[in-house]
Amino acid sequence: MRTPHVLLATAAVLAAALVAPSADATVAVPAPGSYYLQSATTGLNAADNAGAVEQHRPKGDEDRQQWRLTASGSSYVLESTDTAGSCLGRSGDQARTVSCTAVDAAWEIAPSGDDQYTLKVPGADRYLTVAAKPSGANYPAQLAVGAPGVLATWYLTPVSPATSPMPPQDQRTLDQVTFLTAHNAYANGVDGGFAPPFVNLVPNQTRGINQQLADGVRGFMLDIHQTPDGAILCHNSCTLVSKPVALWVDLQRMVDFLKAHPDQFVTVFLEDYVDPGVLRSELARVSGLSDVLYRPDHTGVRQNGWPRLADLIAANQRLLIFTDHSRAADESAGLTRDSFGVMYQREWTVENYWSMGSGIGSSDWSCYSRWYGADTNIPLTRTETGFRPLFVMNHFRDATIAATATTDNTKLADRAQRFCQPAARKKPNFLAVDRYDLGNPASAVATLNSYTYP
């Protein structure tokens, strides 16, 4: 990691408006300051790559992705914070960096929907845009100058946003709260086996589920596989795993904890490789599950936003279960998981890519959607009218090495605030780590729970 550049502090939040210096119209644009320019389609950032302006994975201050917005006559320019005098501009039909005094550096900026903007060439019906996606491929990296439309809409996300103090405990909505989350919580070597020999020697956690709950873990990532005994917790496969734990056993531990602690809320994330009927039968074995299960699909969340956590606790709706399984596949099978209370995660959350790299060596702190590719596109910036998905932030490696996890976990708050928060334009709700007992990730959770993001 290199030392952050000294940036101009933003004068106001994104919603703060100025009157553009136009002779014939008033147009609300963000205040002068330093911004990330993010595609509303992909969530990726405009970055200077040796003069070419491309969309790259959000990477904080490390990849020439920050631009200083200033007025220039009746238009605006976006100057690179890395190279003085170099501005986001154009050459023909391609986005390029050019001299900030050049005609091709000027843009007319106008609102375009919910907190989005267009960058238009003055005097022409041409816009900064993501290049059209070829069939079966990702959107090209090189940004273009072309026709208006959905690909030509952008977020201007402040590098240093103005935050607000956290509301009182009884006023906090679920999407304002951050929870400590254990990646592969079942793979702990305490409750039972979780992987074949040798792999079993490198657990993601070293404390059992009951101790995790006692330690303040409130999000649990669990991998479930189908065996003749039902839904079993194993990594990759249950073959040759000694004494694996059934899903219902760990869920029962959580339900029992909630009964004993009526002011607590727990979320489960299932990496789900079982048939819906098998999962339904497994949940039916958990005594008291229906008493505490939270069903956001039954309470108008998509229309009205997330409720206050205090209201969920008062209603005893305190266990939220997600699956990463496909709704379409379940519909083909004739039984959807949300019919028995398991929510499809892609409909309710956004999530960054799961790996920062191997267990040793350098790490990749870029923060981009786990669900961005040739066949799917759910950007971290996704929002809907009245509804903001919860944000699951993954912060772990391919393999769990204690020394590496310790170092990574001490940097959790820094990555969350400097990389992932602006990438998603929201605060992480779930900080998922390996070895939560190392590096004090709970302190990062406390830091994020001290403020709200605009």
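Buried means under 20% relative accessible area, exposed over 50%, and partly exposed in between, using a 1.4 Å probe on protein chains only. The model here is predicted, so local features need pLDDT of at least 70 and side-chain atom pairs pLDDT 80 or more, while totals for chains, interfaces and linings use all residues. Residues count from 1 along each chain as its sequence is written, and side-chain values use heavy atoms, with hydrogens and water left out.

**Exercise 1.** Work out whether serine 86 is buried or exposed, and list what serine 86 is in contact with.

*Solution.* Start with the address: serine 86 is in strand 8 (residues 86-91), where strands are DSSP runs of E, at least two residues, and helices are runs of H or I, at least four, both numbered from the N terminus. Next, its relative accessible area is 13%, so serine 86 is buried. Finally, leave out neighbours within four places in sequence, and the contacts (heavy atoms within 4.5 Å) are Leu78, Glu79, Ser80, Thr97, Val98 and Cys100.

**Exercise 2.** Find which residues threonine 157 touches, beyond those up to four places away in sequence.

*Solution.* Threonine 157 sits in strand 14 (residues 154-158) and is buried, at 1% relative accessible area. Its list reads Ser34, Tyr35, Tyr36, Gln38, Pro422, Arg425 and Tyr453. For a long-range pair, take cysteine 420: 263 residues from threonine 157 in sequence, but 12 Å in space, C-alpha to C-alpha.

**Exercise 3.** Describe how helix 2 and helix 3 pack.

*Solution.* Take the geometry to begin with: helix 2 (residues 247-260) and helix 3 (residues 276-284) meet at about 45°, axes 9 Å apart. Axes are lines fitted to C-alpha atoms, for helices over the stretch in contact, with angles from 0 to 180 degrees between N-to-C directions. The pair is therefore oblique; angles under 35 degrees would be roughly parallel, over 145 roughly antiparallel and 65 to 115 roughly perpendicular, with the rest oblique. Then the residues: Leu247, Trp248 and Leu251 of helix 2 meet Leu279, Glu282 and Leu283 of helix 3.

**Exercise 4.** Alanine 50 and asparagine 184 both have positive phi; decide which one is buried and which is exposed.

*Solution.* Alanine 50, with phi of about 55°, is in the loop between strand 4 (45-49) and strand 5 (52-56). Its relative accessible area is 76%, so alanine 50 is exposed. Asparagine 184, with phi near 45°, is in the loop between strand 16 (179-182) and helix 1 (209-214). At 3% relative accessibility, asparagine 184 is buried.
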